[in-house]
Amino acid sequence: HGRGMHARASQRLVCIVLVPTRDLAVQVHGVIEDLVRKCISDGDADVDGKQMRSPTEVGVALMAGVASIEEEARQLLGATASSAAAPRVMVAVATPGRLRSHLDRGHIGPGSGYTTSAAAA
């Protein structure tokens, strides 16, 4: 199920945004990417005490069935076809079914390369 793709050290998703439809996921993903760029250009992006200086340092993944599940997994792991040194994904925007598929395939969770931590909304 793609577990062999997880060669990176364990990382943590900072946020998972769960939305009910694919179209809404695409819209929210775009807004978050714009927000990340704006915060970084204003000097307001700080993650775990580290100042983010470039939008390429903060990855925003879309897990909603727009791409194949394998491509989404590669994006999540930062191993895209365009760049082997893609940013660490900190925010994932997902639909419930697609998130479940990634959890079931082991793309997120213990042993996957990505862990999640419980947080109150």
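## Helix H2 and its buried face

In H2, the buried residues are Ile 69, Glu 72, Ala 73 and Leu 76; buried means under 20% relative accessible area, exposed over 50%, and partly exposed in between, with a 1.4 Å probe and protein chains only. Viewed down the axis of H2, these residues fall within an arc of 100°, so they line one face of the helix. The arc is taken from the directions from the helix axis to the C-beta atoms. Helices (H or I, at least four residues) and strands (E, at least two) are DSSP runs, numbered from the N terminus.

This is a predicted model, in which local features need pLDDT of at least 70 and side-chain atom pairs count only at pLDDT 80 or more, while totals for chains, interfaces and linings use all residues. Residues are numbered from 1 along each chain as its sequence is written, and side-chain values use heavy atoms, with hydrogens and water left out.

## Glu 72

Glu 72 lies in helix H2 and is buried, with a relative accessible area of 2%. Its side chain makes a polar contact with the side chain of His 102 at 2.8 Å. A polar contact is a pair of N or O atoms within 3.5 Å; within protein, one must be able to donate a hydrogen and the other to accept it, and residues adjacent in sequence count only if both atoms are side-chain atoms. The side chain of Glu 72 also reaches the backbone nitrogen of Gly 65, at 2.9 Å.

Contact in the wider sense means heavy atoms within 4.5 Å. With neighbours within four places in sequence left aside, Glu 72 is in contact with Leu 62, Met 63, Ala 64, Gly 65, Val 66, Ala 67, Arg 98 and His 102.

## Helix H3

His 102 is one of the buried residues of H3, together with Arg 98 and Leu 99. The buried residues cover an arc of only 100° around the axis, which puts them on the same side of H3. They pack against strand S2 (15–18), S5, H2 and S6. H3 is followed by Gly 106, which has a positive phi, near 80°.

## Salt bridges

A search of the whole structure finds five salt bridges, each defined as a side-chain nitrogen of Lys or Arg within 4 Å of a carboxyl oxygen of Asp or Glu. Side chains of opposite charge can pair when their charged atoms come close. One of the bridges joins the side chains of Arg 105 and Glu 70, at 4.0 Å from N to O. This pair links distant parts of the chain, 35 residues apart: Arg 105 is in the loop between helix H3 (96–104) and strand S7 (114–115), and Glu 70 is in helix H2 (residues 69–76). Arg 105 counts as partly exposed at 29% relative accessibility, and Glu 70 as partly exposed at 39%.

Within helix H2, Glu 71 forms a salt bridge with Arg 74, with 3.1 Å between the closest N and O atoms. The two residues are three apart, about one turn of the helix. Glu 71 has 27% relative accessibility and is partly exposed; Arg 74 is partly exposed at 32%. In helix H3, Asp 104 bridges to Arg 100, the closest N and O atoms being 3.0 Å apart. Asp 104 and Arg 100 are four residues apart in H3, so about one helical turn separates them. Arg 100 is partly exposed, at 47% relative accessibility.

## Nonpolar cores

In soluble globular proteins, nonpolar side chains tend to be buried together. A nonpolar core is a set of buried Ala, Val, Leu, Ile, Met, Phe, Trp, Tyr and Cys residues joined through side-chain atoms within 4.5 Å. The largest core here has 12 residues: Val 19, Ala 25, Ile 32, Val 36, Ile 40, Val 58, Val 60, Leu 62, Ala 64, Met 90, Val 91 and Val 93. Helix H1 (22–42), strand S5 (59–63) and strand S6 (89–94) each give two or more residues to this core, and H1 gives the most, with four.

Apart from the largest core lies another, of nine residues, including Leu 13, Met 63, Leu 76 and Ala 94. Leu 76 is also among the buried residues of H2.

## The chain as a whole

The protein chain has three helices and seven strands, in the order β-β-α-β-β-β-α-β-α-β along the sequence. Of its 121 residues, 36% count as buried. Among contacts in the chain with a separation of 6 or more, 76% are between residues 24 or more positions apart.

The chain exposes about 6,800 Å², of which carbon and sulfur atoms supply 55%. Accessible areas come from the Shrake-Rupley method with a 1.4 Å probe; for residues, only the protein chains shown count as cover.
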